[in-house]
Protein chains: 2
Amino acid sequence: MAGVRARQKEKTRRALIDAALNQLSAEISFSSLSLREVAREAQIAPTSFYRHFQNMEELGLTLVDEGGLALRQLLRQSRQRIDSGGSIIRVSLETFIYFVTHHSSVFRLLLQERSGTSREFRDAVAREIDHFKSELADYLMAERKMPRRLAELQSDAIVRVVFSAGADALDLEDDAKLRLMEQTIVQVRMVARGAQTFMGDDQILPASVHIPAKPDHSS
Amino acid sequence: MAGVRARQKEKTRRALIDAALNQLSAEISFSSLSLREVAREAQIAPTSFYRHFQNMEELGLTLVDEGGLALRQLLRQSRQRIDSGGSIIRVSLETFIYFVTHHSSVFRLLLQERSGTSREFRDAVAREIDHFKSELADYLMAERKMPRRLAELQSDAIVRVVFSAGADALDLEDDAKLRLMEQTIVQVRMVARGAQTFMGDDQILPASVHIPAKPDHSS
DNA sequence: ACATTGAGCGAACACTTGTAAGCTGAAAGT
DNA sequence: ACTTTCAGCTTACAAGTGTTCGCTCAATGT
């Protein structure tokens, strides 16, 4: 196994994925991408595309999955490096800004498809974002001894603020980007301090916090 | 003046705007809208479109402006109704949810074009959002006696959280939407309380907070 | 050695798209 | 009364789109 044939297939599959990623830019969104152009850049005939994906949507979902996974791994790594001192908020945000800057096409994709026209896309992105939330909430519960509901509420707010700031960062020069990051760090601290003030009163929290659009079956 | 001719022109201009708004939905974004279809729904020949707008982008910018204005007016109204008791946070969020629910096409437009492929669109939406931020910051400075920088930081965070929640609300049933709103209210309170804890220390704030992508020349 | 599989191809189909050119006819200006 | 203006029209074109069909031919299975 790992036959010549299977290896070649995987190769052109990647070529398609890379071609799509390559064409994505500030001016070209995924939905404005055409099957033919992607195939052209991947150096295959338009019709051969169907040997790898049923349609463009399937390719897009692959990109979302890969992109979300990449960001999550990056964040997980930097969180592990924390133990050797340093603010977790600052390090996480630096990592995040790094991702936004150096994988901007992927981040733009997540951002756009989050409120795009395909329900499947939206759910896929929501799932990725849910992962971030959960991992952050787990951290808060373990590290800061927070009750689950409060931790989830807080991490939800933080993820919203950070992603929104990331969206703005896409259009900024390096120095403005850094200033935005500093601002965001303070805002995250604001949320954190605000959450602390709720540590006593359980009843002020709404009954249910987690509203999944669809059950999640991934790892 | 107010001649027959000008009145008729204004009428079909509105027909075009309404046709575009009408076609926008969860499945159809503005960028996937075609000039021909819009013209068809407005009952004019495709080429006549150009008598009113230079291209689709110009139509879109009109929609963004009108939509942003509508939301701002709604929020301003509800803020005035506050004096007669009631939490400003709750009332504003109820108003916001109302807008998201009953003008979902417009809100979706703002949301999508915020990180869309046209720089002009992005700037236009950023301008609208800046208005919200400023009006909220003004309120916080006047009502809560906050220093400008802290008020801006706080309102920026709040607008980010609320808009992000609004995006999620688009896909939810009525009851889930209400629960999300309650959750968001708590999160906004978290931000507000957190901001309060910064009331003393001025130096912890980053030097510059406001990073305009482009100067704003609107009212 | 021989049969099967399947990635990749070229040609073709049926559409849709934006937009240019030039005409018509009623409203507006003089 | 005569001219100018201009919103809206018809016709036309060139360029792109996704997708079907049936072929080739090297890698694979037996």
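**Rings, helices and loops in a two-chain model**

Let me begin at a place where the chains meet: Arg193(A) lies over the face of Phe198(B), at 4.0 Å from the ring centre. The counterpart has the chain letters exchanged, with the charged end of Arg193(B) over the ring of Phe198(A), again 4.0 Å from its centre. Before going on, I should say that this is a predicted model, and everything that follows should be heard with that in mind.

Staying with contacts between the chains, I turn to a pair of helices, α8 of chain A, which covers residues 174–196, and α7 of chain B, which covers residues 148–169. How do these two helices lie relative to each other? Their axes come within 10 Å and cross at roughly 80 degrees, and because angles of 65 to 115 degrees count as roughly perpendicular, α8(A) and α7(B) are described in that way. On the side of α8(A), the contact is made by Leu180(A), Gln183(A), Val186(A), Gln187(A) and Met190(A), while α7(B) contributes Leu153(B), Gln154(B), Asp156(B), Ala157(B) and Arg160(B). Sorted by class, this contact has five nonpolar, three polar and two charged residues.

Within chain B we find another arrangement, since the axes of α3(B) and α6(B) come within 9 Å and cross at roughly 10 degrees, which makes α3(B) roughly parallel to α6(B). The residues that meet here include Leu61(B), Val64(B), Leu69(B) and Arg72(B) from α3(B), and Phe121(B), Val125(B), Glu128(B) and Phe132(B) from α6(B). By class, the contact between α3(B) and α6(B) has ten nonpolar, three polar and eight charged residues.

While we are in α6 of chain B, I would like to point out Lys133(B), which lies in that helix. Is Lys133(B) buried or exposed? Its relative accessible area is 19%, and since buried means under 20%, Lys133(B) counts as buried. If we leave aside its neighbours within four places in sequence, Lys133(B) is in contact with Ser155(B), Asp156(B) and Val159(B). Asp156(B) is a residue we have already met, as one of those through which α7(B) touches α8(A).

Let me now come to the aromatic residues, of which the structure holds 14 pairs over all chains. In chain A, Phe49(A) and Tyr50(A) form an edge-to-face pair, at 5.9 Å centre to centre and with 85 degrees between the planes, and Phe49(A) is buried, with a relative accessible area of 0%. In chain B, the rings of Phe49(B) and Phe53(B) have their centres 5.8 Å apart and their planes at 40 degrees, so that pair is tilted. Both partners of this tilted pair are buried, Phe49(B) with a relative accessible area of 0% and Phe53(B) at 1%. Back in chain A, one aromatic cluster is formed by Phe96(A), Phe107(A), Phe132(A) and Phe163(A).

I will finish with two loop residues of chain B. Where does Gln43(B) lie? Gln43(B) is found in the loop between α2 (35–41) and α3 (56–80) of chain B, and its phi is near 65 degrees, a positive value in a residue other than glycine. At 74% relative accessibility, Gln43(B) counts as exposed. Lys145(B), for its part, lies in the loop between α6 (119–144) and α7 of chain B, and its phi, near 55 degrees, is likewise positive in a residue other than glycine. Lys145(B) also counts as exposed, at 65% relative accessibility, whereas Lys133(B), in helix α6, is buried.

Key
Residues are numbered from 1 along each chain as its sequence is written. Chains are lettered from A and ligands numbered from 1 in the order in which they are written. This is a predicted model: local features need pLDDT of at least 70, side-chain atom pairs count only at pLDDT 80 or more; totals for chains, interfaces and linings use all residues. Side-chain values use heavy atoms; hydrogens and water are left out. Axes are lines fitted to C-alpha atoms, for helices over the stretch in contact, and angles run from 0 to 180 degrees between N-to-C directions. Helices (H or I, at least four residues) and strands (E, at least two) are DSSP runs, numbered from the N terminus. Angles under 35 degrees count as roughly parallel, over 145 as roughly antiparallel, 65 to 115 as roughly perpendicular and the rest as oblique. Contact means heavy atoms within 4.5 Å. Ala, Val, Leu, Ile, Met, Phe, Trp, Tyr, Cys and Pro count as nonpolar, Asp, Glu, Lys and Arg as charged, and the others, Gly among them, as polar. Rings of Phe, Tyr and Trp (its six-membered ring) pair if their centres lie within 6.5 Å; planes under 30 degrees apart count as stacked, over 60 as edge-to-face and the rest as tilted. Buried means under 20% relative accessible area, exposed over 50%, partly exposed in between (1.4 Å probe, protein chains only). A charge sits over a ring if NZ of Lys or CZ of Arg is within 6 Å of the ring centre and within 35 degrees of the ring normal.
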